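Reader: Please give me a close look at the pockets in this model, and then at the helix packing. I would like to see the lining residues and contact residues by name where you can give them.

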Amino acid sequence: MGYFLAAALAYALGSSNMAFYIARYKGVDLRGAGTGNLGTSNATILLGWLSGVLVGIHDIGKAILAVWLAKTLLPELPAVGAVAGVACVLGHIFPFYLRFRGGKGFAPYLGMTIALSWKLAIFILILVVVVTLLTDYISLATLATVTVVPIGMGVSTGGILTPLILLVATGVIVFKHRENITRLRRGTEIGLRSAASGKHKIQ
C-alpha cells in the first residue's frame, strides 16, 4: 500500500505540465509542431529560451519533490524513492488529463537522479553538457543519460533493486525517442544551435 500511495502521488506531481500551461497561454500547440511533445526541448525550440528554462526548472523540480516526499514519508520502504521517481517520469510522459500525451521524460528523469544521488547527478550533468556541445543534439544526451543512470545507481548502491526499477523509465523514454533516433539517422533532427537561432520559434 505504501508503494502504491507513493507512486500515485508521484504520478500526480509528474502530470503537472508547465510546457502545456505556457503554450496554452501563448496560443501555441506544441504537439502539432517541432518535435510534437510537451517537454523542455520543444518548449525551447518553439517558445524560446525563457519558456524552455521555466519548463525545465518545473519538470526537474517536480521529480525532486516526488522522490523527497516518498523518502521522507515512507523511509522504511526499500527503493521507495526510485518508485516515486519513475512514477513521476511516467506521469510527465502520460498525463491523464492530456490524453496521456505529455513530454518525453528527460527533465524529470534528471530531477529523479538528482534526488536519488547528487554525486551521480553531477556526472550526468557533465555528460549531458559534453554530449550536447559535441553533437548539438539533446536527444543524444538524453539517450546516454537514461542508459548510464541505472548502471551508475547499481554501482553506487551495490544493489539491483533500484537499477531494475529505473530501467522501467529508461525503456519508456527510449521508446518515446524512437522518432528522434530515426531523425538522427536521417540527419533531420533539430539541433540546439538551430533552436537558439530562432529559426523554429513561434511568436
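Author: The second largest pocket comes to a volume of about 220 Å³, in what is a predicted model. Its lining is made up of Arg31, Gly34, Thr35, Gly36, Asn37, Leu38, Arg101, Gly102, Lys104, Lys176, Arg178 and Glu179. Sorted by class, six of these lining residues are charged, five are polar and one is nonpolar.

The largest pocket has a volume of about 710 Å³. It is lined by 35 residues, and those closest to its centre are Thr40, Ser41, Thr44, Phe106 and Ile138. Two or more lining residues come from each of α3 (40-47), α4 (49-73), α6 (106-116), α7 (118-135) and α8 (138-157). The largest share is that of α4, with seven residues. By class, this lining holds 16 nonpolar residues, 16 polar ones and three charged ones.

Three helix pairs can be described next, beginning with two helices that also line the largest pocket, α7 and α8. Two packed helices are described by the angle between their axes and by the distance between the axes. For α7 and α8 the angle is about 155 degrees and the axes are 9 Å apart. The two helices are therefore roughly antiparallel, since angles over 145 degrees are classed that way. The crossing of this pair is right-handed. On the α7 side, the contact is formed by Leu120, Phe123, Ile124, Leu127, Val128, Val131, Thr132 and Thr135. Their partners in α8 are Ile138, Leu140, Ala141, Ala144, Thr145, Val148, Val149, Gly152 and Met153. In this contact 13 residues are nonpolar and four are polar, with no charged residues. Ile138 appears both here, on the α8 side, and among the residues closest to the centre of the largest pocket. The loop between α7 and α8 contains Asp136, which has a positive phi of about 75 degrees although it is not a glycine.

The next pair is α4 and helix α5 (residues 80-93), packed at an angle of about 145 degrees with axes 8 Å apart. Here, too, the crossing is right-handed. Asp59, Lys62, Ala63, Ala66, Val67, Ala70 and Lys71 are the contact residues of α4. They meet Val80, Gly81, Ala84, Gly85, Cys88 and His92 of α5. By class, seven residues in this contact are nonpolar, three are polar and three are charged. Ala79 sits in the loop between α4 and α5. Its phi is near 60 degrees, a positive value in a residue other than glycine.

The last pair joins α5 to helix α1 (residues 2-15): their axes come within 7 Å and cross at roughly 35 degrees. This crossing is right-handed as well. From α1 the contact takes Tyr3, Ala6, Ala7, Ala10, Tyr11, Gly14 and Ser15. From α5 it takes Val80, Val83, Ala84, Ala87, Cys88, Leu90, Gly91 and His92. Eleven of the contact residues are nonpolar, four are polar and none is charged. Val80, Ala84, Cys88 and His92 of α5 thus touch α1 and also belong to the α5 side of the contact with α4.

How values were computed
Residues are numbered from 1 along each chain as its sequence is written. This is a predicted model: local features need pLDDT of at least 70, side-chain atom pairs count only at pLDDT 80 or more; totals for chains, interfaces and linings use all residues. Side-chain values use heavy atoms; hydrogens and water are left out. On a 1 Å grid over the protein atoms alone, a cavity is a set of points where a 1.4 Å probe fits but cannot get out, and a pocket is an open set with protein on both sides within 12 Å along at least five of seven lines; lining residues have an atom within 4 Å of a point. Grid points are joined across faces, edges and corners, and a volume is the space filled by probe spheres set on the points. Helices (H or I, at least four residues) and strands (E, at least two) are DSSP runs, numbered from the N terminus. Ala, Val, Leu, Ile, Met, Phe, Trp, Tyr, Cys and Pro count as nonpolar, Asp, Glu, Lys and Arg as charged, and the others, Gly among them, as polar. Axes are lines fitted to C-alpha atoms, for helices over the stretch in contact, and angles run from 0 to 180 degrees between N-to-C directions. Angles under 35 degrees count as roughly parallel, over 145 as roughly antiparallel, 65 to 115 as roughly perpendicular and the rest as oblique. A crossing is left-handed if the near helix is turned anticlockwise from the far one by less than a right angle, and right-handed if clockwise. Contact means heavy atoms within 4.5 Å.
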